[in-house]
Amino acid sequence: MKKFLSVVLAFLMLAVMLPVTAMASETDYVTIELTYGSKVSDEAIATAKAMYENKQYTTCKAANEAYMALFGVTWKDREGGTPYLDVTDNTAPLYKYKDISGSVTEVKYYIHGTLAGFTSLQSDGNQMDCTVGGNHQIFRTSYSIIGVNNADGSKAKLTDGNVQAYVAGGYDGMYTISGKLTIDNIEFATTNSTTVGASAANATEGSTKTATGEMEIKNCKFNGRLYVYDDFVNTGMTYNIHDNVFDGTNYSGDINAYSIFAQCKGGNTLNIKNNNIRGYARGINIDHANVNAVIEGNTISVTDTGRSCIQLTKLASAKVENNMMNLTGGNAITLHEGLLQCAKPEITISGNTINGTGYLIYDDATANNKSFTNDNLTLTITRDNTVAKTVDITQGVKGSTKYGMSEVVKTIVENNVVPGGNTGTVIIIDRPTEDTPKTDDQKNPATGANDMVAAAVALMAVSALGAVALLRKK
């Protein structure tokens, strides 16, 4: 009897381990989830769900193509040219809804493990590049890319690729009033550059329609540069980049690059808040003539002794508030000569803490034999900025050359900034953490792997107790 019980317990423990081992070998995949609008029939929804629910896609490309295929969009080959996207399958479950905006209101891609990123949908005859969702063959909608934490609590990773999507606007015949691109809880493993962008621009030439869009990047980690870019005139876009970690320790791209470089078109709002930036030569650069920017609550530490934590190149307005800037010989802020090309930008600098050794402001206009004046710049520096005694407030530096400031900038600094009250020591405070708790959205929505692992652990405990009882009987 004891031998029989020993064999049973051995098989039970083996059976418990099998699903865990199987899951461990299948940890790198994508699942998708769609939210449907009221216009889609129950029959069409059921047929569509049968094609993607409980399915694990081994690449981001495959997951995105599976979404497009629901509407009948596939790749075709043009003789003598590159493949192109076209609506070729009129038997697809959502084929008749491809032109009806709101049929699908959101597409979620859940990233598990480590995967290569999304690939370009730019093709011969379809020169509107995006990587997530559809191209111009179907209506625009909202997309979310959500990382599911690994068993050890670490983030899911994308090793390469860019994330660009059309979330609103489009052709008049299938126009989408508003939409959003969300990127949440992903580690971007590349040590080079990742481009992220969203568009709410019109596709019909001469259209008078207007749309609003949003792009949100949150709880992510970047090991390379983030390039926020789109080449469309978006009149209603809001970009929110918050609570991320940017670690440039192993950055391998352009040595002159900024950790965050925002360069877009159109009249947009840009919020960069509560990020931790370290290990890069340079910090944040805003080069977007019509943007209203808020740079708030960030911790920024740069390594280039001749550049800045924050560079304001082109913009309509900027509020630089409550940031901690740690200098190692460079500047806290650059006022770039590109501001002279804008329509009298308004810049407010308040509540910041500036530590280390370096310079408060580099005036790029003066460095290029030009000047900021009260006619071309509205600059406000409040008296609640804390500036270390070791920070020079009379000049700035570019490379190894020091430059003075325009008279208006110099006067505003002298009247409102008094270095002191700090030892000049560089203080690093990590505001956002790299590991964020799982939310309901970050649990495995399709496979129930979290529940499976819990059950496996419970069974292993039962087996172990049985083994102990058997030994005691011996």
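This briefing covers the fold, the salt bridges and a few single residues of one protein chain.

The model is predicted, so local features need pLDDT of at least 70, side-chain atom pairs count only at pLDDT 80 or more, and totals for chains, interfaces and linings use all residues. Residues are numbered from 1 along each chain as its sequence is written, and side-chain values use heavy atoms, with hydrogens and water left out. The protein chain has six helices and 32 strands. Helices (H or I, at least four residues) and strands (E, at least two) are DSSP runs, numbered from the N terminus.

**Chain totals**

- Of the 474 residues in the protein chain, 50% are buried. Buried stands for under 20% relative accessible area, exposed for over 50%, and partly exposed for values in between (1.4 Å probe, protein chains only).
- The exposed surface of the protein chain is about 20,500 Å². Carbon and sulfur atoms supply 52% of that area. Accessible areas come from the Shrake-Rupley method with a 1.4 Å probe; for residues, only the protein chains shown count as cover.
- Among contacts in the protein chain with a separation of 6 or more, 79% come from residues 24 or more positions apart. A contact requires heavy atoms within 4.5 Å.

**The eleven-stranded sheet**

- Eleven strands make up an open sheet with mixed pairing. Their order is β1-β4-β6-β9-β12-β15-β18-β21-β24-β26-β28. Two strands pair if DSSP finds at least two bridges between them.
- At the edges stand β1 (29-36) and β28 (378-381), each pairing on one side only.
- On average, neighbouring strands of this sheet are turned by 10° against each other, direction ignored. Axes are lines fitted to C-alpha atoms, for helices over the stretch in contact, and angles run from 0 to 180 degrees between N-to-C directions.
- Strands β9 and β12 run parallel and are joined by seven bridges. Leu181 stands opposite Met215 in β12.

**Salt bridges**

- Side chains of opposite charge can pair when their charged atoms come close. The structure contains eight salt bridges. Each has a side-chain nitrogen of Lys or Arg within 4 Å of a carboxyl oxygen of Asp or Glu.
- Lys180 and Glu214 form one of them, at 3.8 Å from N to O. Lys180 is in strand β9 (residues 178-184) and Glu214 in strand β12 (residues 212-218), so the pair ties together parts that are 34 residues apart in sequence.
- Lys180 is partly exposed, at 25% relative accessible area. Glu214 is also partly exposed, at 24%.
- A network of salt bridges links Lys180, Glu214, Glu216 and Lys218.
- Lys273 and Glu296 meet in a salt bridge of 3.9 Å, N to O. Lys273 belongs to strand β18 (residues 269-273) and Glu296 to strand β21 (residues 292-296), so this pair ties together parts that are 23 residues apart in sequence.
- Lys273 is partly exposed because its relative accessibility is 29%. Glu296 is partly exposed at 25%.
- Glu65 and Lys61 form a salt bridge within one helix, α3 (residues 60-69). Their closest N and O atoms are 2.8 Å apart. The two residues are four apart, about one turn of the helix.
- Glu65 is partly exposed at 22% relative accessibility. Lys61 is partly exposed at 39%.

**Thr176**

- Thr176 sits in the loop between β8 (163-166) and β9. With 5% relative accessibility, Thr176 counts as buried.
- The side chains of Thr176 and Ser101 share a polar contact of 2.8 Å. A polar contact is a pair of N or O atoms within 3.5 Å; within protein, one must be able to donate a hydrogen and the other to accept it, and residues adjacent in sequence count only if both atoms are side-chain atoms.
- Leaving aside residues up to four places away in sequence, Thr176 touches Ser101, Phe139, Arg140, Val167, Ala168, Gly169 and Ala211.

**Positive phi**

- Most residues other than glycine have a negative phi.
- Asn54 is not a glycine, yet has a positive phi of about 60°. Asn54 lies in the loop between α2 (42-52) and α3. Asn54 is exposed, at 60% relative accessibility.
- Asn185 also has a positive phi, near 65°. Asn185 is in the loop between β9 and β10 (186-188). Asn185 is buried, with a relative accessible area of 0%.
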